[in-house]
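Visitor: I should like a close look at one part of this model, namely a pocket and the helices around it. Please describe that part in full.

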Amino acid sequence: MTRLFLRTAPRAMVSVLVTALAISMMVPIALAFAITAAQPSATSDIKQAVELDSPAVVRIVSQIYGRLICRRCNNDGTDITSPANGNYWDLTSAGTGAFISPDGDILTADHVVDHGPNSSQDIAATLGDAASDLASRYNTTTSYIYSWAQTNANVISYDIVVKGQWAFLPVAYTGQLQNSAQVTSYAITRIVANSPPDKQDVAIAKVEAKDLPYLSLASANGVSVGDPVTAIAFPGDADQGLTSADFSALLNPTQSNVNTINSLLTASVQTGQLTAKKTQSDGTPVYETSDIGNHGSSGGPVINAQGQIIGFVDRGPDSTNTRVDYLVPSTVVAEYTQQAGIVNPKPEAFMSLWSQAITSYNAGGQCHWTRAYASLQQLQQQYVNFGGVQSFLQTARTKATPGECPTGADGGALIRTLAILLLLLGGAWVIWQYAHRRQVALVPTAMGGTYGTTYQADEHQALAREAGPRVWMEVGVTSLMTSWRALRSALPKPQAQTSWTTTTAPITERDGARQESITDATVGTSGVLTDAGTRGGEVIADASEGTSGVIAGSQDRMQCHNCGNPVTDTAAKFCSRCGASLPGGGPAADSL
């Protein structure tokens, strides 16, 4: 058995070495045609991250009704209300949020969406309107009313009702609107997890929508002090530069100029630096950054160069400080996403296509505009309301010229070819390993004896030893030919674009039978290797060559010494293997 292994193994290994040699020769050829993408800079990384994330950043607008009631404060013992006659002050507030799942979950600051009689900002807004009203009605000053309200706080209450809250999709998603009626918004139906503003100030709000763009959270080590960070938000301060416009115009967009609406839904992008990681008195971690936020930026995502959320803009412990901003870190946010059941959301079709398109768009190197244009065109066809794709599509269409991507220059084909070669090598190795075990099991024949087992190779076993290595040599040759055809089909052709189909290499094992199948639909060849325990046979077929060779390894099938039997094509091939003649003196057929 040891001699058999030493004789068979080296010869069987030839096929493996031949395939490995083929790969080592072809890899440099492939590398010569490979595309080297331009190395991105930190600035280009941030640009790509902003482009990818911006469609997922929404402007949140809340409409609130509020009134002040002072119980029995009139001289006649009746209530003082503001406004009078049971009406309400119509209040609006705005902030920023970002989708963090494709199913409509929005991350924002709690004070952006958590309104009601316990909200200090809602009380302050109601008192502000009431002070002006009461000062006019009672011929006094607003400062006096503020003092009066503080003195009578025990008899003053605030009736505050949330009429509605909406998340407005940005221009980065809708594209530039052609008329105000094209505004797209989703009603916020509930808050699924939150912490009060005086605590961690985190909220996860919900809208009923699917297949949305979204941002993912960065890990705890996703950012370091000194790293550049970028906020995407809708600061209210920026609205003041627009004529007769503020975010309340979004509640009735058809009454506003379309240019104003487009401006209100265009996010601001501010890049700063993470200046410190600190901890509040209650133990809550916070990030300190250079000035990247304004009023209205609250809840806006702050991202790293990979487009992941490292935190969101918050008012911070000192809301009057304009030099620095404070962020609620992603590690704190993660506690609330888990409460909301948002754990590693999987991208749906839109996000997969959008991510692929933006990656190709910014990749650099040969053919990246051609690939980007194809992905962007697919997005446009499948998501007709995604107007944000238009500017990218127009640029890619202009740049995706024949000169940008000559025939056969796309490196994707070469990558697939290398994958085919690696699969062939792995398949040849697995086959040889299994075949070696089969040969060792088949050749020894036990002879009677009282002191052990004597091994003797008869005619059949000698043939098996000779046949095995020859089979694997043929496997190696077939693998080499298939590899060369696959690579040749990937190389540039002068007239036609390279067309590829999917290449598969399934491996199954059942009931002691093992089969490896390798198919390359491009070159039309198929090689099937089957080793079944009940047959002991190996089959090699090349459909494009039209040839077939069968070699059986079991004694009941290998009858080269009995060529007098009725001759079939298969028997003829057996006979040619052992040099026998066919009945009637004719020469044995040359099967391969």
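Visitor: Which helices each supply at least two residues of the lining of the second largest pocket?

Guide: They are α2 (42-53), α6 (171-174) and α12 (389-399), where helices are DSSP runs of H or I with at least four residues, strands are E runs of at least two, and both are numbered from the N terminus. The model is predicted, local features require pLDDT of at least 70, side-chain atom pairs count only at pLDDT 80 or more, and totals for chains, interfaces and linings use all residues. Residues are numbered from 1 along each chain as its sequence is written, and side-chain values use heavy atoms, leaving out hydrogens and water.

Among the contributing helices, α12 gives the most to the lining, with 3 residues. The lining as a whole comprises 19 residues (those with an atom within 4 Å of a pocket point; a pocket is an open set of points on a 1 Å grid where a 1.4 Å probe fits, with protein on both sides within 12 Å along at least five of seven lines). Nearest the centre of this pocket are Ser54, Val171, Ala172, Ser391 and Phe392. Its volume, the space filled by probe spheres set on the points, is about 340 Å³. By class, the lining has 10 nonpolar, 8 polar and 1 charged residues (Ala, Val, Leu, Ile, Met, Phe, Trp, Tyr, Cys and Pro are nonpolar, Asp, Glu, Lys and Arg charged, the others, Gly among them, polar).

Phe392 leads from the pocket to the packing of α12, for this residue also belongs to the contact with α11. The axes of α11 and α12, fitted to C-alpha atoms over the stretch in contact, are 9 Å apart and make an angle of about 145 degrees, on a scale from 0 to 180 degrees between N-to-C directions. On the α11 side, Trp369, Tyr373, Leu376, Gln377, Leu379 and Gln380 take part, and they meet Val389, Gln390, Phe392, Leu393, Thr395, Ala396, Arg397 and Lys399 in α12; contact means heavy atoms within 4.5 Å. This contact contains 8 nonpolar, 4 polar and 2 charged residues.

Helix α11 (residues 368-382) also packs on α10 (residues 349-361), their axes coming within 8 Å and crossing at roughly 155 degrees. The two are therefore roughly antiparallel, a term for angles over 145 degrees. From α10, Phe350, Leu353, Trp354, Gln356, Ala357, Ser360 and Tyr361 meet residues of α11 that include Trp369, Leu376 and Leu379. This contact has 9 nonpolar, 6 polar and 1 charged residues. Trp369, Leu376 and Leu379 of α11 recur in the contact with α12.

Before α10, in the loop that follows α9 (330-339), lies Asn344. Its phi is positive, about 45 degrees, although the residue is not a glycine. Most residues other than glycine have a negative phi, and most peptide bonds are trans. Elsewhere in the chain, a cis peptide bond joins Ser82 and Pro83, with omega about 0 degrees. Pro83 is situated in the loop between β2 (80-82) and β3 (89-99).

Methods
Angles under 35 degrees count as roughly parallel, over 145 as roughly antiparallel, 65 to 115 as roughly perpendicular and the rest as oblique.
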